[in-house]
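Q: Please give a close look at how the strands of this structure pair, and at what packs against them. I am new to this structure, and I would like one connected account.

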Amino acid sequence: MAEGGRQRSFRLHNMSIPARPLEPALYLVATPIGNLGDITLRALETLAGADVLACEDTRVTRVLLDRYGIQNRPYAYHEHNADEAGPRLLQALESGKSVALVSDAGTPLVSDPGYRLAQKAIEADYRVIPIPGASAPLAALVGSGLPNDAFLFAGFLPTKDKARRDRLAEFEAVPATLMFFESPHRIAATLAAAADVLGGDRVASVCRELTKTYEEFRRGTLAELAAHYSDVDSVRGEIVLVIGPPPERPVEPANVDAILADLAKTLPTSKAAAEASRITGISKKELYQRLLDMKGSDER
């Protein structure tokens with residue numbers, strides 16, 4: 001039994017499992033984004049064993065705790081009380097207690113105020129231990145079918161149209177799949193702006209209600225998705241918008257020669273051809289010969 005008579009345990013299939021004591025640290029615990037079965041055993045043990053459990057909304061976290069028979073009492077820590085609650089959590093760490101932090105869903109610190117607490121804990125030289133698990137951006141990425149060798153998560157876009165378009169323009173040439181959180185009542189406007197700024201031919205996926213009963217992946221070009229959602233009266237659920245990387249554009253021959261000529265000013269022929277190959281996607285062998293031909297023409 002823990003302090004005050006609380007039992008440090010969790011329940012699986014009507015079996016009570018004791019939670020081992022935790023060392024003093026700030027634990028960042030990922031929780032399910034919809035389906036409560038997506039919790040990890042390590043997360044359950046941490047939630048049951050922590051001396052202090054902080055969360056965004058105690059009502060939301062209580063549902064998860066009740067599902068797994070965890071008696072720990074959650075305390076609120078969110079953007080509106082962070083200035084007051086944050087110091088109390090740091091005091092708990094200072095007194096040698098373990099503190100677990102969860103968001104309403106997914107991984108803490110991703111688009112929520114928990115990063116401030118983690119920063120202050122690190123500055124004060126306390127251990128910060130991530131307990132990985134569910135993540136809406138990663139679930140959307142792997143379910144979208146879009147390239148995942150390089151990706152960029154950019155959180156929420158601005159709500160005003162001009163600011164939203166300016167922000168999208170910053171990502172126009174990024175050679176990676178882009179991921180954004182979006183609200184259902186703004187998704188139509190965001191898709192229209194993305195189609196205008198990034199190009200209507202960019203492939204994308206609107207990933208809605210992930211892991212929940214009405215999970216949906218709607219895939220298409222930005223132009224197709226913008227047209228679809230402009231006709232939808234009501235959209236429900238949390239959304240991750242995933243946009244594929246910019247399509248490769250063929251490099252014009254004149255531009256290739258200009259690139260080769262510029263690189264040859266400072267690099268040996270072989271290295272200039274290799275760098276030009278990386279930039280244009282054309283084989284190094286072809287570019288090496290092309291550069292030799294250009295130099296031969298210049299000498300004549």
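**Strands and what packs on them**

A: A good place to start is F10, whose bridge partner in strand 2 is I17. This pair belongs to a predicted model, in which strand 1 (residues 9-12) and strand 2 (residues 15-18) run antiparallel and are joined by four bridges. The two strands form a hairpin with two residues between them, and in this hairpin H13 has a positive phi near 50 degrees.

After the hairpin come two open sheets, taken here in turn. One of them has five strands in the order 5-4-6-3-7, and its pairing is parallel. Its edges are strand 5 (74-76) and strand 7, each of which has a single partner strand, so one side of each is left without a neighbour in the sheet. From one strand to the next, the twist of this sheet averages 30 degrees. Strand 3 and strand 7 are joined in the parallel sense over four bridges, and here Y27 has I129 of strand 7 as its bridge partner. Helix 1 (residues 41-49) packs on this sheet, where it touches strand 3, strand 4 (52-55), strand 6 and strand 7, and its direction makes about 130 degrees with that of strand 7.

Helix 4 is also linked to strands of this sheet. The buried residues of helix 4 (residues 114-123) are G114, L117, A118 and A121, and they are on the same side of the helix because they cover an arc of only 100 degrees around its axis. As background, an α-helix has 3.6 residues a turn, so residues three or four places apart point the same way. What covers the buried residues of helix 4 includes strand 3 (26-29), helix 3 (82-94), strand 6 (99-102) and strand 7 (128-131). A118, which has its place in helix 4, can be followed further: with a relative accessibility of 4%, A118 counts as buried, and, when residues up to four places away in sequence are not counted, A118 touches L26, L109 and V128. Helix 4 is followed by D125, whose phi is positive, near 70 degrees.

The other open sheet also has five strands, but its order is 8-9-12-10-11 and its pairing is mixed. Strand 8 (151-156) and strand 11 (216-221) are the edge strands, each of them pairing on one side only, and the twist from one strand to the next averages 15 degrees. Strand 8 pairs with strand 9 (residues 177-182) in the parallel sense over four bridges, with F181 of strand 9 as the bridge partner of F156. Helix 7 (residues 187-198) packs on this sheet and touches strand 9, strand 10 (203-208) and strand 12 (239-243), while its direction makes about 10 degrees with that of strand 12. Helix 8 (residues 222-230), in turn, lies across strand 10, strand 11 and strand 12, and runs at about 125 degrees to strand 11.

Between strand 9 and helix 7 there is a loop, and R186 has its place in it. Is R186 buried or exposed? R186 has a relative accessible area of 18%; because buried means under 20% relative accessible area, R186 counts as buried. The side chain of R186 is joined to that of E182 by a polar contact of 3.1 Å, and, leaving aside neighbours within four places in sequence, R186 is in contact with F156, T159 and R164.

The last part of the picture is the nonpolar cores. In soluble globular proteins, nonpolar side chains tend to be buried together. Here the largest nonpolar core has 25 residues, of which L168, F180, L191, L198, V206, L222 and I243 touch the most other members. Strand 9, helix 7, strand 10, helix 8 and strand 12 are the elements that give two or more residues to this core, and helix 7 gives the most, with seven residues. F180, when neighbours within four places in sequence are left aside, is in contact with residues including A154, G155, L168, F171, L241 and I243. Apart from this core lies another, of 21 residues, among them L47, Y68, V102 and I129. A118 and L225 are 107 residues apart along the chain, and their C-alpha atoms are separated by 38 Å.

Definitions and conventions
Residues numbered from 1 in each chain as written. Predicted model: local features only at pLDDT ≥ 70, side-chain atom pairs only at ≥ 80, totals over all residues. Heavy atoms only, no water. Buried < 20%, exposed > 50% of the residue type's maximum accessible area, 1.4 Å probe, protein only. Arc of directions from axis to C-beta. Contact = heavy atoms within 4.5 Å. Pairing = 2+ DSSP bridges. Axes fitted to C-alpha atoms, helices over the stretch in contact; angles between N-to-C directions. Polar contact = N/O pair within 3.5 Å; in protein donor to acceptor, adjacent residues only side chain to side chain. Core = buried A, V, L, I, M, F, W, Y, C linked by side-chain atoms within 4.5 Å.
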